[in-house]
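The following note is offered for your consideration alongside the model. It takes up the ligand site, the aromatic pairs and one serine in turn.

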Amino acid sequence: MATELIVKSTKLMLVRGDITQQKVEAIVNAANSGLMGGGGVDGAIHRVGGSAIVEECRRIVSQIGRLAAGKAVITTGGNLPAKYVIHTVGPVWRGGGNSEGETLASCYTESLKIASDKGLTSIAFPAISTGVYGYPQDQAAKIAIDAAIGYLKDNSTSLIAVHFVVYDGNAYKIYANELDKVAA
Ligand code: ADP
């Protein structure tokens, strides 16, 4: 079972755990367009990170408006172990015929771009859109891995570690299975 993959000088790694506890420079939030917090990953990040995050989100929304699906912005990590949170809005699954795949891939590439532009060395992603947004987990895992590999192949980056953080054992197996396929 593959849990790691090296692309140029960046290591992709599968991790089972809580995204809020990751000791990386930036964690990615599966946010919603209003950037004001919510359930799932979003709720956990705001709970642990504290009010500095929501204050910065409010300033961002007042400047650029609501964040479209597939886009990403960066804020402080507040009280989190991570220094930064990159907030991205995943697509809501509507059966797959509404460019959900492209939008989800864009969440990953936009987040990687922001991290690279800031010179960060490590980033951790949750399984964006696979909770209340309803994206089928196996399809979402393939997109996450393919998008990260594609970005790293096509761009130079400061990132040396890209982690996929999953909460439960089933999601872990799904990601490991996808990593097996690309490693084969
Ligand atoms: P979305 O609204 O984008 O679907 P959710 O936050 O509802 O996002 O869920 C995304 C995924 O993150 C789900 O697979 C869920 O099991 C997982 N998840 C929920 N809480 C955490 C956490 N604290 N750390 C890592 N993953 C989590």
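1. A residue is taken as near a molecule if one of its heavy atoms lies within 4 Å of it. The structure under discussion is a predicted model. In this model, 14 residues surround the ligand. The closest are Asp-18, Val-41, Ser-129, Thr-130 and Gly-131.

2. Polar contacts of the ligand deserve separate mention. The side chain of Asp-18 places an N or O atom 2.9 Å from a nitrogen atom of the ligand. For Ser-129, the backbone supplies the partner: one of its N or O atoms lies 2.8 Å from an oxygen atom of the ligand. Gly-131 also takes part through its backbone, with a polar atom 2.9 Å from an oxygen atom of the ligand. On its own, the ligand has 570 Å² of accessible area, and the protein covers 88% of this. As to location, the ligand sits in the largest pocket.

3. The aromatic residues form the next topic. Two quantities describe a pair of aromatic rings, namely the distance of the centres and the angle of the planes. Five aromatic pairs are found when the whole structure is searched. One of them joins Tyr-108 and Phe-164, with ring centres 6.4 Å apart and planes at 55°, so this pair counts as tilted. The pair links distant parts of the chain, since Tyr-108 belongs to helix H3 (residues 100-117) and Phe-164 to strand E7 (residues 161-166), 56 residues apart.

4. Are Tyr-108 and Phe-164 buried or exposed? Both residues are buried. They are also members of one aromatic cluster, which Tyr-108 and Phe-164 form together with Phe-125 and Tyr-175.

5. Ser-122 may be examined next. This residue is found in strand E6, which spans residues 122-125. Its relative accessible area is 12%, and because buried means under 20%, Ser-122 is classed as buried. The side chain of Ser-122 reaches the backbone nitrogen of Glu-25 at a distance of 2.9 Å.

6. A further point concerns the spacing between Ser-122 and Asp-146. How far are their C-alpha atoms separated, and what is the interval along the chain? The C-alpha atoms are separated by 18 Å, and the two residues are 24 residues apart along the chain.

Conventions
Residues numbered from 1 in each chain as written. Predicted model: local features only at pLDDT ≥ 70, side-chain atom pairs only at ≥ 80, totals over all residues. Heavy atoms only, no water. Phe/Tyr/Trp six-rings, centres within 6.5 Å; stacked < 30°, edge-to-face > 60°. Helix = DSSP H or I, 4+ residues; strand = E, 2+ residues; numbered from the N terminus. Buried < 20%, exposed > 50% of the residue type's maximum accessible area, 1.4 Å probe, protein only. Polar contact = N/O pair within 3.5 Å; in protein donor to acceptor, adjacent residues only side chain to side chain. Areas by Shrake-Rupley, 256 points an atom, 1.4 Å probe, with all protein chains shown as cover. 1 Å grid on protein atoms, 1.4 Å probe; cavity = no way out; pocket = protein on both sides within 12 Å on 5 of 7 lines; lining within 4 Å. Sits in = over half its atoms within 2 Å of the grid points.
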